[in-house]
Structures are given as C-alpha cells and as structure tokens.
Amino acid sequence: MSLREEKQEYDMIRDIRETPAALRSITRALNRMNELADLAHKFKKIFFIGCGSSYYAALFGSWPLAKSSKVLAYALPSSELIFHFADIIDSNSLVVGISRSGRTAETIAALNICRKKGAYIIGFSIEEESSMLDVVDDLVVLDIGGERSIIMTKSFSTLSLATSVFSSILNERVFKEKQPLIEESKVMPSLAERLLKNESMVADISKRLIDENIERFIFLGSGPSYPIVLEGALKVKETSYVATEGLHLLEFRHGPMAMVGEKFSLVISCFLNENNVHLKNFISEFANKNVDMILITDTAFNGPKETVIEMPIEYSGECKALLSIIPMQILAYYYAVGKGRNPDKPRNLSRYVQRF
Ligand code: F1P
C-alpha cells in the first residue's frame with residue numbers, strides 16, 4: 001500500500017492542496033499593489049522582514065529588487081533588524097513586513113522601531129485584524145481563507161508570490177524593465193494545480209526515503225531557488241525533526257560534500273539558465289558518487305539514478321523556483337507521516353512566537 005493510501009490525513013496536506021485557490025488572492029490584490037507602488041517608488045532603501053517561513057518569503061520577495069542596481073534591497077529576519085540594522089533605517093526607507101498571523105513579537109517590535117525612524121511601512125498578511133495593523137501605513141491582506149495547520153504551506157507560497165510581484169511592480173514602474181512574474185502570477189494557480197497532480201508520486205518518493213533509512217537532507221538551490229530550499233529544509237525539520245539544511249547550490253562543494261559517504265539525500269531545485277553547464281557538471285559529479293538526489297527541475301539530466309520531479313520548461317526562473325516548494329512540502333508531509341509524526345502537532349511549535 002502506498003503512503004498516500006495507508007495513513008490518516010492531516011490538515012497540513014489539506015492546506016497544501018488549497019495552494020491554487022490561495023494564489024488566486026494575488027490577482028485580487030494586484031490593483032492594491034499597483035496603488036502602493038505609486039508612492040513607494042521614491043524610496044532609496046527597501047527592507048523585507050519576517051520570521052521563520054515569513055523570513056524566507058521576505059528573501060524571495062526581495063529577489064526581483066535585490067538584482068537591481070538602482071535601489072538597495074535587503075531581506076532580514078525581524079530580530080536581526082532589531083539587533084543590528086536599526087541605525088540604517090530612515091525616512092528614505094520602505095519596510096515590507098511579512099507575517100501570516102500579523103502578531104509575531106519580533107516582527108511587530110521591528111516594525112515599531114522602523115516607524116519611529118520615519119520609514120514607510122507596508123505589511124503583508126493573511127489576517128485583516130492583528131497587531132500589525134497598528135504599526136503599518138498600509139496593509140495588503142491576502143484572503144486565502146485561513147490556514148489550519150501550524151506549519152506554513154499555502155500561506156508561504158502566497159506571501160512569497162505577493163511580495164515578489166510587489167517587487168516586480170516596483171521594478172517595472174521605476175526601472176521600466178518588463179517583469180514576467182507579474183503576468184505569470186495569473187497562471188500560477190493553474191500551474192500549482194498541475195504540480196499537485198504529482199502528490200502520489202512524491203508520496204512514493206517519501207516512502208522510498210523512509211525504507212532506505214535516510215535521516216539527513218540537504219536542500220540546494222541557486223538565486224530565487226535559494227529561499228525556497230531554505231523553506232523546504234525547514235518543512236522537513238518542523239515536521240520530522242531530522243537534520244536538514246538549505247544551501248546555495250555550489251556551496252555544497254565547499255565543505256558539506258565531506259558528508260558524501262554517509263547516508264543522506266540531496267533535494268535540488270534547479271532550472272535551465274545560463275549556468276546550465278555548471279548545473280549539469282554538479283549533478284553528474286554527485287550522481288557518479290552515488291549520492292541520493294531528488295531533482296525538481298525542467299531539465300533532462302539522463303544521470304544514472306536521480307529521482308526527477310518535472311517542472312514545466314516555459315516561465316521565468318522565479319516562477320519555477322516558487323512552484324518547486326509544492327513538491328518539497330508534499331515530500332516533507334509524507335516523510336513525517338511515514339515516520340509516525342503528526343505534522344499538525346509539531347513538537348514545541350506554536351502558530352506564532354509571542355515574546356522574545
Ligand atoms: C512566523 C513563524 C512560522 C513558524 C512558527 C512560528 O509566523 O515563525 O513560520 O512556522 O510556528 O511563527 P508569522 O509571523 O508568519 O505569523
């Protein structure tokens with residue numbers, strides 16, 4: 001019997017399956033984001049902040065601006081802004097605060113500091129009423145219909161897409177460069193639906209990993225895939241408590257590859273681009289060393305034994321990177337359930353952190 005058939009279902013997988021509907025909230029928020037972009041283009045520094053999954057959404061959201069030479073864009077965990085970066089916030093700063101709950105202690109404290117420094121503050125949340133409302137100048141609420149699980153899944157995808165579309169709108173307005181993600185955001189719900197059809201296949205991969213006693217994971221990704229692999233690694237950590245980390249793709253060669261020879265799996269989110277030759281070299285090097293690899297990719301590698309989860313080839317790197325979180329979330333879910341964990345009751349975690 002496959003893992004998908006044999007186990008009880010938890011809220012986490014129900015949330016993941018609702019990703020397409022959640023992503024539709026972005027089309028409804030487009031007008032609002034366009035209005036905000038009108039006033040936001042005058043800022044010289046743009047900060048994206050959040051905690052946990054919302055920090056990874058901040059990293060993803062900042063990506064379209066981080067690549068631009070015309071504006072300084074930073075993504076920071078809210079706590080790091082409080083501890084180390086408060087001095088560089090001023091009235092030329094735009095701060096984008098991201099929080100599913102709108103209540104996380106460090107995020108609210110960081111936004112309060114930014115407010116006192118004269119920054120303009122825009123919040124992104126799925127909650128209409130929260131403490132965030134008192135500290136922001138504007139709030140973009142994404143009506144995804146709530147999220148049942150403590151573990152962030154559809155909210156992560158939605159907050160990541162919404163903030164990266166907002167960055168893309170700013171980029172397009174100010175620097176007049178066409179940003180594919182804005183149009184692509186309208187087809188992402190149906191692309192997400194397509195990826196969700198792989199649920200049984202991904203559940204079988206999780207079963208194989210359990211059968212083969214794989215208890216360590218390294219998630220690898222470059223560029224826009226980097227925050228996504230950090231989030232993928234976090235999903236496994238939060239639900240199964242096994243050792244995982246997320247790294248920039250080629251950083252694996254700089255130390256972590258000493259692990260080759262131990263039992264572990266590499267989960268790689270990688271897409272066709274100008275660095276393809278390096279990507280292919282990397283995959284074949286570690287395939288030849290018999291490293292277990294799960295590739296979420298749009299590219300055929302024809303290696304000896306890697307497991308491939310296919311992504312559509314068309315669409316931008318940003319779009320494909322973000323969609324690659326769906327198979328990672330499904331993998332984490334079935335791996336946890338297969339190991340007898342209850343992903344809806346993750347040990348020591350609550351919906352949000354109330355004090356620090
Ligand atoms: C952020 C967060 C979650 C995490 C945890 C505590 O919450 O760090 O990512 O899963 O359970 O809270 P939020 O600020 O997005 O509500």
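Domain bounds in this description come from an automatic or database domain assignment. On that basis, the protein chain of this predicted model falls into domain 1, covering 11-188, and domain 2, covering 198-338. The centres of domain 1 and domain 2, taken over C-alpha atoms, are separated by 26 Å. Contact between the two parts involves 24 residues of domain 1 and 24 residues of domain 2.

The ligand is surrounded by 14 residues, of which Ser54, Ser99, Ser101, Thr104 and Ser350 come nearest. By residue class, this shell divides into 4 nonpolar, 7 polar and 3 charged members. Several side chains in the model place polar atoms at short listed distances from ligand oxygen atoms, as follows. For Ser101, a polar side-chain atom lies 2.6 Å from an oxygen atom of the ligand. For Ser99, the separation between an N or O atom of the side chain and a ligand oxygen atom is 2.7 Å. In the case of Glu238, an N or O atom of the side chain is 3.1 Å from an oxygen atom of the ligand. Taken on its own, the ligand has 390 Å² of accessible area, and the protein covers 94% of this.Cysteine pairing was examined over the whole structure, and the search returned 0 disulfides. A disulfide requires two cysteine sulfur atoms within 2.5 Å. The cysteine sulfur closest to that of Cys114 belongs to Cys51 and is 12 Å away, which is too far for a bond, and Cys114 is therefore left unpaired. Cys319 is likewise in no disulfide, the nearest cysteine sulfur being that of Cys270 at 16 Å. As for solvent exposure, Cys114 is buried, with a relative accessible area of 0%. Cys319 is also buried, and its relative accessible area is 0%.

Methods. Residues are numbered from 1 along each chain as its sequence is written. This is a predicted model: local features need pLDDT of at least 70, side-chain atom pairs count only at pLDDT 80 or more; totals for chains, interfaces and linings use all residues. Side-chain values use heavy atoms; hydrogens and water are left out. Buried means under 20% relative accessible area, exposed over 50%, partly exposed in between (1.4 Å probe, protein chains only). A residue is near a molecule or strand if one of its heavy atoms lies within 4 Å of it. A polar contact is a pair of N or O atoms within 3.5 Å; within protein, one must be able to donate a hydrogen and the other to accept it, and residues adjacent in sequence count only if both atoms are side-chain atoms. Accessible areas come from the Shrake-Rupley method with a 1.4 Å probe; for residues, only the protein chains shown count as cover. Ala, Val, Leu, Ile, Met, Phe, Trp, Tyr, Cys and Pro count as nonpolar, Asp, Glu, Lys and Arg as charged, and the others, Gly among them, as polar. Contact means heavy atoms within 4.5 Å.
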